Amino acid sequence: MQTGNLYNGREPEIIGQFSDGSSYSKAKLEASLRELVGDRKPSVKSLKGQVAVKKDDVDFIVKEFEIPATQAEKVLSENGGDLEKTLRALVAS
């Protein structure tokens, strides 16, 4: 066992090794994934004087109702950012 390749005091679990000597270790991949996923925050768009609306909600409305994003944001804001309420309002109109 080589002591130069320790990761957090332990020998890393190798999940892929290549003929040139490089390898993927499970611990390093998991640490990188945690770093990437842990930094994500929900994307919320907030306009001054209006309710915050989620970008995912706007994208969903644009895709399903084939309306411009500005109109989708406006309808979402008018309905307090509530997607269900907004969808009902769009279907009723």
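Colleague: Which handedness, left-handed or right-handed, has the crossing of helix 2 and helix 3?

Modeller: This is a predicted model, in which local features need pLDDT of at least 70 and side-chain atom pairs 80 or more, while totals for chains, interfaces and linings use all residues. Residues are numbered from 1 along each chain as its sequence is written, and side-chain values use heavy atoms, without hydrogens and water. A crossing is right-handed if the near helix is turned clockwise from the far one by less than a right angle, left-handed if anticlockwise. The crossing of helix 2 and helix 3 is right-handed.

Colleague: At what angle do the axes of helix 2 and helix 3 cross?

Modeller: Helix 2 covers residues 55–65 and helix 3 residues 69–78 (helices are DSSP runs of H or I, at least four residues). Their axes come within 9 Å and cross at roughly 120°.

Colleague: Which residues of helix 3 meet helix 2?

Modeller: On the helix 2 side, the residues are Asp57, Val58, Ile61 and Val62 (contact means heavy atoms within 4.5 Å). Val58 touches Val53 as well as Ala69, Ala72, Glu73 and Leu76, leaving aside residues up to four places away in sequence. The helix 3 residues that meet helix 2 are Ala69, Ala72, Glu73 and Leu76.

Colleague: Which helix gives the most to the largest nonpolar core?

Modeller: This core (buried nonpolar residues joined through side-chain atoms within 4.5 Å; buried is under 20% relative accessible area, 1.4 Å probe) has eight residues, including Val53, Ile67 and Leu90. Helix 2 and helix 3 are the elements that give two or more residues to this core. With three residues, the most is given by helix 3.

How values were computed: Axes are lines fitted to C-alpha atoms, for helices over the stretch in contact, and angles run from 0 to 180 degrees between N-to-C directions. Buried means under 20% relative accessible area, exposed over 50%, partly exposed in between (1.4 Å probe, protein chains only).
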